[in-house]
Structures are given as C-alpha cells and as structure tokens.
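Biologist: I have this model open on my screen and I'd like a close look at one helix and what sits around it. Could you start there, then walk me out through the rest at whatever pace suits you?

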Amino acid sequence: MFSFAYDGSINGDWVSHYAVQLAGAHPDRTLRLIHVRDGRIEPSRLAEKLDRLRLESEHQGVRLETHLLEPQSSGRFETLRSALREGPEHFLICGTPALDRRRDCLRGTLAERLLRELHCNVLAVRVVQPGLLGSPRRLLAPIDECPEGFRAALPFLRLFGPQLTHLHLVLIARVGRGRLHRLSHEHGERLRVPGLAYCERVEREIAERLGLGARVMDAQVLVSDRVDHEILLAANRTKSRLIYLGVSERGRAERFWHGDPVEQVLRESTCDVAVYRGIGG
C-alpha cells in the first residue's frame, strides 16, 4: 500500500506530484491520501486542492483514496499513525517543512518522527524545483559501506526506476581535515580502492534486482573531510535533479541525525532532496 501524509500546504502540493508518480509505479496503483484536519487550511480550499490531485491521479492512471482525520488529543503524529499500516510491504511519502533559516530542516519535525518511528518504507521530500512535477529522472544516491549493502534504498528506488535516465552513485571516504591536507595522491588512491569494490557490488545488486544497467548507472569514490559539501558538488557536477539520502535500520539514527550531513544538504541543495528509510529491500 502506498500512502501520502498530506498537510494541505503549497509545499505539500509540490510533494503530491512525487506521491502520484511513485504510486503509479506501485503494483496496485493506488494512492491513499491521509490528511489531519488541524485547522491550518479552510475546508473549501482543501476540497479544491483534493479535486486537483484527483484529476492528476486519474491522468496518471492512479486511484486516489482520501482519508480526512479529526485530530486526536495525543497529537498529529499519533493521529496519522492510527491510520497508517506498517510492515515492509507498505510505503509512506511526506514532505519536509518549508525551509526556515532559523531552525533545522528535519530535526524535531513530524517528518523526522515518521522516518524514525514508523516500521514501513518512508520517504520525506524537500521540493526545490516544483516544475519537475515529481519526475526528476536524474538521481544522485550517496552511499556508504555497510553490511546490508544498498538494500534499504531499493524499495523506493524500484518505484523511481521506470522514470530514471541517470542514476549516479557517490561514495565519500571521510578523513579528518588535517590528514586530508597531508594526504599524498598515492595514499588517496589506496583509500578509494575498498569504496570502488563496494560500488561495484552495489551496481551489480541494482542491476540484478531492478534491471538498471551500465547505460543508466555510474559510480565514483571521493576522499574528503566534508561529506555534505561533496554531495552538493556531485549533484551539480552530474546535473542531478534529486539527491536520494538514506537512514538505515541498523541503530544508527542518532549518528545519522547528529553526525551525518543531511541537514546541510537539505538546507543548501539547489535540487530536490528525498530522505528515505527503507525496510523492504
């Protein structure tokens, strides 16, 4: 089942294009929209937005189910959770809050709780280029070496697959700034070797599971002390329209939110960003 947590905002409207596109690639081609009536949008305006979304869904061959919920006293998250289904066969897409320079993009938000706490495949999207209409086609996927490989990325990547023309993989071997400045070319190349072997394994896994081949995929390994900076540079260099960032189920949530560069990428990216947590790979 493919669900969409819709807040009725303009930002939510932009994310809705992704919801329709990805639901269209899901086997049952049904989009289950869930909205909590929290008073932030007038009922008549909400009805207009839902009519527009229904027309878009019909045009894409997607069946739209609308569920309008009254807020529970326990809060918006628990209200949403009561209407969502959990398990590796279920998918949820939501939006990140509109960019606010005075606060973090995800930390402390509803999107963060959905990514952290729901036991299903979750995708939180920040839209920078609304004109893409949820069809970025060129995707950059930063990866790191981990025991389960790239499997956590596969559930949503499978849904993006039919529209992809380019999938750029980038692995960044992180070193300290002082060490980087003293690093010789030969030592830097040695640091890249394990990453290159890992990227080859990931490419084979994607080819076997999703049917994407060398014509679509490429991979690079970089040595740097600034992971967020390298991700943003790679997105510009490859002309990517979506950065696809993951948080795994390996008990690394704290390191991800407080040690990894997701906040900086979300804040500074000039292309769309999707943060995923996959459990159905």
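Modeller: The buried residues of α8 have several neighbours over them, and the cover includes β6, β7 (166–174), β8 (217–224), β9 and α10 (262–268). Keep in mind that this is a predicted model. Which residues of α8 are buried? They are Val227, Asp228, Glu230, Ile231, Leu232, Ala234 and Ala235. Notice that Asp228 and Glu230 are on that list, and both count as charged.

Now step off the end of the helix. Just after α8, you run into Lys239, with a positive phi of about 60 degrees. Lys239 sits in the loop between α8 (227–237) and β9 (242–246), and β9 is part of the cover over the buried residues of α8. Is Lys239 buried or exposed? With 60% relative accessible area, Lys239 is exposed, because the cut-off for that is over 50%. That positive phi is worth a look because most residues other than glycine have a negative one.

There's another residue to compare with it. Arg137 has a phi near 70 degrees, again a positive value in a non-glycine residue. You'll find Arg137 in the loop between β5 (121–126) and β6 (138–143), and β6 is also in the cover of α8. Arg137 has 39% relative accessibility, so it counts as partly exposed.

Next, swing over to another pair of helices. Helix α3 (residues 76–83) packs against α4 at about 45 degrees, the axes being 10 Å apart. That angle makes α3 oblique to α4. The crossing of α3 past α4 is right-handed. On the α3 side the contact uses Arg76, Phe77, Glu78, Leu80 and Arg81, and on the α4 side Leu110, Arg113, Leu114 and Glu117. Sorted by class, that contact holds four nonpolar residues, five charged ones and no polar ones.

Staying on α4, try the salt bridge between Arg116 and Glu112, whose closest N and O atoms are 2.9 Å apart. Both residues belong to helix α4 (residues 110–117), and being four residues apart they are about one turn of the helix from each other. The two ends of that bridge differ in how covered they are. Glu112 is buried, because its relative accessible area is 7% and the cut-off is under 20%. Arg116, at 28%, is partly exposed. There is also a network here: Glu78, Arg81, Glu86, Arg113 and Glu117 are joined by salt bridges that share partners. Glu78, Arg81, Arg113 and Glu117 should ring a bell, since they also belong to the contact of α3 with α4.

How many salt bridges does the model have in total? The count comes to 15. Two others are worth clicking on. Asp51 pairs with Arg54, N to O at 3.2 Å. Those two are three residues apart in helix α2, and therefore about one helical turn from each other. Both count as partly exposed because their relative accessible areas are 44% for Asp51 and 30% for Arg54. Glu65 also forms a salt bridge, with Arg63, at 3.1 Å from N to O. Here too both partners count as partly exposed, Glu65 because of its 23% relative accessibility and Arg63 because of its 49%.

Since we're at α2, finish with its packing. Helix α1 (residues 10–25) and helix α2 (residues 43–59) have axes that come within 10 Å and cross at roughly 20 degrees. Angles under 35 degrees count as roughly parallel, and α1 and α2 are therefore roughly parallel to each other. As with α3 and α4, α1 passes α2 in a right-handed crossing. From α1 the contact takes Ile10, Asp13, Ser16, His17 and Val20, and from α2 it takes Lys49, Arg52, Leu53, Glu56 and Ser57. The class tally for α1 with α2 is three nonpolar, three polar and four charged residues, whereas the contact of α3 with α4 has no polar ones.

Definitions and conventions. Residues are numbered from 1 along each chain as its sequence is written. This is a predicted model: local features need pLDDT of at least 70, side-chain atom pairs count only at pLDDT 80 or more; totals for chains, interfaces and linings use all residues. Side-chain values use heavy atoms; hydrogens and water are left out. Axes are lines fitted to C-alpha atoms, for helices over the stretch in contact, and angles run from 0 to 180 degrees between N-to-C directions. Angles under 35 degrees count as roughly parallel, over 145 as roughly antiparallel, 65 to 115 as roughly perpendicular and the rest as oblique. A crossing is left-handed if the near helix is turned anticlockwise from the far one by less than a right angle, and right-handed if clockwise. Contact means heavy atoms within 4.5 Å. Buried means under 20% relative accessible area, exposed over 50%, partly exposed in between (1.4 Å probe, protein chains only). A salt bridge is a side-chain nitrogen of Lys or Arg within 4 Å of a carboxyl oxygen of Asp or Glu.
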